[in-house]
Structures are given as structure tokens and as C-alpha cells.
Amino acid sequence: QVQLAESGGGLVQAGGSLRLSCAASGRTFRDDPMAWFRQAPGKDREFVAAASWSGSSTYYADSVQGRFIISRDNAENMVYLQMNSLKPEDSAVYYCNKVDWGYRWSKYNYWGRGTQVTVSP
């Protein structure tokens, strides 16, 4: 059974930082582009960042460009999201998933439970 498990969320003040982790089990994603998404209450899930299979290429949502960094460790089957200069509007449940390269949505049903990020003013 394929599972993605996100962790590392929490409560942080505006301007602070958090590092999210995504652990894959059941299969390896080392050959697949991976991405982070987020969903705030009452809003649709939105794209945040994606990394190529090697991690050497990345792309970001405009809203997080320059503040967030996506990375991965294929040996450990892990994907990370370093979030800096956090803003209250970054508050959401964050998810990771496989994507097709260049896309800002995922057609793959590997969604985990997500990890809650709350940024206080």
C-alpha cells in the first residue's frame, strides 16, 4: 500500500520558519517529480512547489517564490519544504504528492493526511 505521510507542521509567528517533511512508503518515488500543495479552510487545494526527480529543477507558486524551498532525499524517499518568512496567509494543511512535470495539480491518488501549519500575526 502506497502511503505519503506529511509532518513538521505547527504554530509559528509571522516571519518565522518551518520545515515540512514527506515520507513515502509502499513504493519509491525517486524517479517521479514530487510536489507540495496546501488547502486552507473553505478554499480549494492549491499548488505550492514541485521538484524534478533529482531535485535539480524546481518551480513554485508566485505566492511562495523566494520564501519556500523544496528539496528531496531520494536515498531516504523523502521530500522536504523549507518555509521561511511565513505569513498568516500561509496557514493551511500541507500535502505532498506525485505530479507530472510542469503541472500544478496532481492526478495521482496518493494524498496523505497532511500537516497543519498555522501562522499567527
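Start by selecting cysteine 96: at 0% relative accessibility, this residue counts as buried (buried means under 20% relative accessible area, exposed over 50%, partly exposed in between, with a 1.4 Å probe and protein chains only). Before you go on, note that this is a predicted model, where local features need pLDDT of at least 70, side-chain atom pairs count only at pLDDT 80 or more, and totals for chains, interfaces and linings use all residues. Residues are numbered from 1 along each chain as its sequence is written, and side-chain values use heavy atoms, with hydrogens and water left out.

**Stop one: the disulfide**

Now add cysteine 22, which is buried too, with a relative accessible area of 2%. Cysteine 22 and cysteine 96 form a disulfide with sulfur atoms 1.8 Å apart (a disulfide is a pair of cysteine sulfur atoms within 2.5 Å). The structure holds one disulfide. This one ties together distant parts of the chain, 74 residues apart: cysteine 22 sits in strand β3 (residues 18–25), cysteine 96 in strand β9 (residues 92–98). Strands (E, at least two residues) and helices (H or I, at least four) are DSSP runs, numbered from the N terminus.

**Stop two: the sheet**

Show the cartoon and look for six strands in an open, mixed sheet, ordered β2-β10-β9-β4-β5-β6; two strands pair if DSSP finds at least two bridges between them. At the edges you'll find β2 (10–13) and β6 (58–60), each with a single partner strand, so one side of each has no neighbour in the sheet.

Next, pick β5 (residues 46–51), which pairs with β6 in the antiparallel sense over three bridges. On its other side, β4 and β5 are antiparallel over five bridges. Click alanine 49: tyrosine 60 in β6 stands opposite, and so does tryptophan 36.

Have a peek at the turns as well. Six residues lie between β4 and β5 in their hairpin, where glycine 42 has a positive phi of about 80°. The hairpin of β5 and β6 also has six residues between the strands, and there glycine 55 takes a positive phi near 85°.

**Stop three: the core**

How many of the six residues of β5 are buried? Five are, so β5 is largely enclosed by the rest of the structure.

The largest nonpolar core has 33 residues, and those with the most contacts inside it include Trp36, Val48 and Leu81. Such a core is a set of buried Ala, Val, Leu, Ile, Met, Phe, Trp, Tyr and Cys residues joined through side-chain atoms within 4.5 Å. β5 gives the most to this core, with five residues.

Finish on leucine 81, whose contacts (heavy atoms within 4.5 Å), leaving out residues up to four places away in sequence, include Leu18, Trp36, Val48, Phe68 and Tyr94.
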